[in-house]
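Student: I am new to this structure and would like a close look at a single part of it. Could you take me through one residue and its surroundings, and then through the loops that deserve a second glance?

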Amino acid sequence: MKDIYVIYWSGTGNTQAMAQAVAGGIDKAGAHGVVLEVGAASPEMIAGADSFALGCPAMGSEELEEGEMEPFVSSIEGILSGKTVGLFGSYDWGDGEWMRRWRERMEQAGAKVAGGEGVTANNAPDDEALAACGKLGEELAG
């Protein structure tokens, strides 16, 4: 059974709930979703992966969390070519600009973004957002 990493940062638990839903979709599709807080992940995990997911809420002026997630994303940009990445996260303000910029950044690094865009939730993910996360996981496992 193939392991697919779901790496996230969450301040309130909203993005963590989304990570669990992504992993549930991966499991449903017959692979194994491995959920990790970003501090427990390493670039080496991504180097050997065909697909994986990254989750982070919008922070500050619609940016990635700066202490752990931003440094991790920066550390893997050089090894993303040809990989499929699923992006997800929650926000409380704005219009999702952070997700659009994150998607563009991953595409510029050579990754294919699963579903063509990230899955977002305004604050706590509702049933629709959790279902979209599950679908994202299924796509990553497919």
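Tutor: In this predicted model, Lys83 is a buried residue that has no salt bridge, and the nearest side chain of opposite charge, that of Asp50, is 5.5 Å away. Since a salt bridge needs a side-chain nitrogen of Lys or Arg within 4 Å of a carboxyl oxygen of Asp or Glu, the 5.5 Å to Asp50 does not qualify. What the side chain of Lys83 does reach is the backbone oxygen of Ala49, at 2.6 Å. Along the chain, Lys83 sits in the loop that runs between helix 3 and strand 4, the latter spanning 84-91. Leaving aside residues up to four places away in sequence, Lys83 touches Ile46, Ala47, Ala49, Asp50 and Phe52, and also Gly110, Ala111 and Lys112; Ala49, whose backbone oxygen the side chain reaches, and Asp50, the nearest side chain of opposite charge, are thus both among these contacts.

Two other loops hold residues with a positive phi. Glu62, in the loop between strand 3 (51-55) and helix 3 (69-76), has a phi near 55°, which is positive although the residue is not glycine. Glu62 counts as buried because its relative accessibility is 7%. Asn123, in the loop between strand 6 (119-122) and helix 5 (127-141), has a phi near 60°, again a positive value in a residue other than glycine. Asn123 counts as partly exposed because its relative accessibility is 32%.

Notes: Residues numbered from 1 in each chain as written. Predicted model: local features only at pLDDT ≥ 70, side-chain atom pairs only at ≥ 80, totals over all residues. Heavy atoms only, no water. Helix = DSSP H or I, 4+ residues; strand = E, 2+ residues; numbered from the N terminus. Buried < 20%, exposed > 50% of the residue type's maximum accessible area, 1.4 Å probe, protein only. Lys, Arg positive; Asp, Glu negative; His and termini not counted. Polar contact = N/O pair within 3.5 Å; in protein donor to acceptor, adjacent residues only side chain to side chain. Contact = heavy atoms within 4.5 Å.
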